[in-house]
Amino acid sequence: MKAFIVESYGKDGLRAADVPEPSVGRRDVLVQVRAASINPLDKMVRNGEFKQLLKYKRPFILGHDVSGVVSEVGADVRAFKVGDEVYARPRDLRIGTFAESIAIDEDDVALKPQSLSFDQAAAVPLVALAAWQTLVDVADVKPGQKVLIHAGAGGLGSTVIQVAKHLGAYVATTAHTKDVEKVRALGADEVIDYTKQDFSEVLTGYDLALDSLGGPNLEKSLTVLRRGGLAISVVGPPDPSFAAQVGQPLLAPVMALLSRKIRKQAKKQGVRYSFFFMKANGAQLNQLATLYDNGTLRPMLDRTFPFDQTLEAMTYVEQGRANGKIVVTR
């Protein structure tokens, strides 16, 4: 079958190739891929940014989001049957959605929201799971709490805004001038146009800040939090708990060193810092499907590319041109 594989780490390490069809384990669901979306995580994995923690054996197929049709099920699978329309974010070390088909553990799969097309559904799993897990599992956001979401017009930010509003939070977000109305339409209560204002000079007393930019932006996010507030970053630096999450506890001291500066700054200001790396979870995707089907959430797509232009789609995302999710279709 045709796929896009990481042969070597780096910007030019991804290429098209013919590879064997996936083998189907007893708990696996074989999915014929209809669509897959591009995520910043794809670039990070391709570049080897997590190679000490996520030990992929090269060459491996890239891609973290998928929607498609079940074509085969393993002997122990009971929740799915051939012909089911599904969506998923396969677990780490079993990614590979930039391909004609992929075998996924049934625990990572959910029935596709009926109201969404395959293109729309492929744009959802990673960002929806990240939004749910950061806001519910990690931060335990309650109604009335104040949440700052950076880059609200992006694929992740636009989803987090919607989930935060569903949970009853007061939401502030940063956005470019051209996207101010877009994020307001998503439900943001307060919008900071970062071309005109510095959010850290405007906002104060927030319970949670979700950072997807890193560096100085993360450091400034600490200053808008109330005492005891939490800053979560999806781009790092990783903290010791991440080493445990990916099954590499011996690397915890390395993670502690990498995040020492930001954790020290957080402690000095009486706030907390956490690095977040989402986990595959089909049960949560089932919950989220209900929210998409009842109109509480809606996917935010920028454009689609045909499957054979996956490299061009990656470039489009890396150039910062995307205003929403980018999807490749078959």
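In this predicted model, the largest pocket has a volume of about 1300 Å³. Its lining comprises 49 residues, of which Pro40, Ala151, Gly154, Ser212 and Leu213 are the closest to the pocket centre. Several elements each supply at least two residues of this lining: helix 1 (40–46), helix 3 (125–138), helix 4 (155–166), helix 7 (216–222) and helix 12 (310–318), together with strand 10 (170–175) and strand 16 (325–329). By residue class, the lining of the largest pocket divides into 27 nonpolar, 14 polar and eight charged residues.

The second largest pocket holds about 430 Å³ of space. It is lined by 20 residues, and the closest to its centre are Pro22, Ile61, Arg94, Ile95 and Gly96. Two or more lining residues come from each of strand 4 (60–61) and strand 7 (101–105). Strand 7 gives the most to this lining, with three residues. The lining of the second largest pocket contains 13 nonpolar, three polar and four charged residues.

Aromatic contacts form a further topic. Across the whole structure, a search finds nine aromatic pairs. The following table describes two of them.

| Aromatic pair | Centre to centre | Angle between planes | Geometry |
|---|---|---|---|
| Phe50 and Phe242 | 6.0 Å | 70° | edge-to-face |
| Phe305 and Tyr316 | 5.7 Å | 65° | edge-to-face |

The pair of Phe50 and Phe242 links distant parts of the chain, 192 residues apart: Phe50 lies in the loop between helix 1 and strand 4, and Phe242 in helix 8 (residues 240–245). Both Phe50 and Phe242 are buried. These two residues also belong to one aromatic cluster, formed by Phe50, Phe242, Phe275 and Phe277.

The planes of Phe305 and Tyr316 stand at 65°, so this pair is edge-to-face; the angle required for that class is over 60 degrees. Phe305 is in strand 15 (residues 301–306) and Tyr316 in helix 12, and the pair links these distant parts of the chain, 11 residues apart. Phe305 is buried, as is Tyr316. Helix 12, which carries Tyr316, is also among the elements that supply at least two residues to the lining of the largest pocket.

Phe305 has a charged neighbour as well: Arg303 lies over the face of its ring, at 3.9 Å from the ring centre. A further contact of a charge with a ring involves Lys112, whose charged end sits over the ring of Phe118, 5.2 Å from the centre of that ring.

How values were computed. Residues are numbered from 1 along each chain as its sequence is written. This is a predicted model: local features need pLDDT of at least 70, side-chain atom pairs count only at pLDDT 80 or more; totals for chains, interfaces and linings use all residues. Side-chain values use heavy atoms; hydrogens and water are left out. On a 1 Å grid over the protein atoms alone, a cavity is a set of points where a 1.4 Å probe fits but cannot get out, and a pocket is an open set with protein on both sides within 12 Å along at least five of seven lines; lining residues have an atom within 4 Å of a point. Grid points are joined across faces, edges and corners, and a volume is the space filled by probe spheres set on the points. Helices (H or I, at least four residues) and strands (E, at least two) are DSSP runs, numbered from the N terminus. Ala, Val, Leu, Ile, Met, Phe, Trp, Tyr, Cys and Pro count as nonpolar, Asp, Glu, Lys and Arg as charged, and the others, Gly among them, as polar. Rings of Phe, Tyr and Trp (its six-membered ring) pair if their centres lie within 6.5 Å; planes under 30 degrees apart count as stacked, over 60 as edge-to-face and the rest as tilted. Buried means under 20% relative accessible area, exposed over 50%, partly exposed in between (1.4 Å probe, protein chains only). A charge sits over a ring if NZ of Lys or CZ of Arg is within 6 Å of the ring centre and within 35 degrees of the ring normal.
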